[in-house]
Amino acid sequence: VELENGCACCTARADLMDSILKLIRLSIRREIKYDRIVVEMSGVSEPKNLRTDFANSEETHQVFIYVELQTMVTVVDSA
């Protein structure tokens, strides 16, 4: 799934949650179970904002019926 309307850590946070929910609902219809969903952010992202948004949305967004944020990984290219 590719977000078209901005960065998931800034302007497209709600779009990210909605896209994950659509992906999960599609997997349920197709009877496919995901072990993990990987979200790759752009090189200038602020992952802390995304983590905070996930924490603040757990009580309000339907996606958290199906998923939880378990861990975050940051890769730094020093070349």
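# Group meeting: a walk through a two-helix model

Okay, let's start with the outside. The protein exposes about 6,500 Å², and carbon and sulfur atoms supply 47% of that area. Before I go on, keep in mind that this is a predicted model.

So what is the fold made of? There are 2 helices and 0 strands. Helix α1 covers 13-29 and helix α2 covers 47-57, with a loop between them. Of the 79 residues in the protein, 23% are buried. And if you take the contacts between residues at least 6 apart in sequence, 54% of them join residues at least 24 apart.

Let's go inside. Which residues make up the largest nonpolar core? There are 10 of them: L16, M17, I20, L21, I24, L50, F54, V63, F64 and V67. The elements giving two or more residues to this core are α1 and α2. The largest share comes from α1, with 5 residues.

Now click on F54, please. F54 is buried, because its relative accessible area is 7% and the limit for buried is under 20%. What does F54 touch, once we leave aside its neighbours within four places in sequence? The list is L16, M17, I20, F64 and L69.

F64 on that list deserves a second look. The structure holds 1 aromatic pair. F54 and F64 form that pair, and the geometry is edge-to-face, with 5.5 Å centre to centre and 85 degrees between the planes. F54 sits in helix α2 and F64 in the segment after α2, so the pair ties together parts that are 10 residues apart in sequence. Is F64 buried or exposed? F64 counts as buried, because its relative accessible area is 13% and buried means under 20%.

Let's stay with the segment after α2 and see where else it meets α1. Take H61, which is found in that segment. Not counting neighbours within four places in sequence, H61 is in contact with M17, D18 and L21. For H61 and D18, the C-alpha atoms are 8.7 Å apart in space, while the two residues are 43 apart in sequence.

Next up is V63, one of the core residues. V63 and K22 are 41 residues apart in sequence, and 8.7 Å separates them in space, C-alpha to C-alpha. K22 belongs to helix α1. Buried or exposed for K22? K22 counts as exposed, because its relative accessibility is 61% and the cut-off for exposed is over 50%.

Then there's Y66, also in the segment after α2. Outside its neighbours within four places in sequence, Y66 is in contact with L21, I24 and I28. The C-alpha atoms of Y66 and L21 are separated by 8.1 Å, with the two positions 45 residues apart along the chain. Why do we call Y66 partly exposed? Its relative accessibility is 43%, and partly exposed runs between the 20% and 50% limits, so Y66 lands in that class.

Okay, over to the end of α1 and the loop. S27 is found in helix α1. S27 counts as buried, because its relative accessibility is 4%, under the 20% limit. And which residues does S27 touch, not counting those up to four places away in sequence? I32 and Y34.

Y34 lies in the loop between α1 and α2. With a relative accessible area of 36%, Y34 is partly exposed. Y34 also belongs to a nonpolar patch on the surface, formed with I32, I37 and V39, and together these residues have about 310 Å² of accessible area. So here's one for the bench people: which two patch residues are also touched by S27? Those are I32 and Y34.

One last stop in that loop, and it's E31. Its phi is near 60 degrees, which is a positive value in a residue other than glycine. E31 counts as exposed, because its relative accessibility is 74% and exposed means over 50%.

So, to pull it together: we have a predicted model with 2 helices and 0 strands. Its largest nonpolar core has 10 residues, and F54 and F64 make an edge-to-face aromatic pair. On the surface, I32, Y34, I37 and V39 form a nonpolar patch. Over to you for questions.

Key:
Residues numbered from 1 in each chain as written. Predicted model: local features only at pLDDT ≥ 70, side-chain atom pairs only at ≥ 80, totals over all residues. Heavy atoms only, no water. Patch = residues over 30% accessible without salt bridge, like charges linked within 9 Å, V, L, I, M, F, W, Y side chains within 5 Å. Areas by Shrake-Rupley, 256 points an atom, 1.4 Å probe, with all protein chains shown as cover. Salt bridge = Lys/Arg side-chain N within 4 Å of Asp/Glu carboxyl O. Helix = DSSP H or I, 4+ residues; strand = E, 2+ residues; numbered from the N terminus. Buried < 20%, exposed > 50% of the residue type's maximum accessible area, 1.4 Å probe, protein only. Core = buried A, V, L, I, M, F, W, Y, C linked by side-chain atoms within 4.5 Å. Contact = heavy atoms within 4.5 Å. Phe/Tyr/Trp six-rings, centres within 6.5 Å; stacked < 30°, edge-to-face > 60°.
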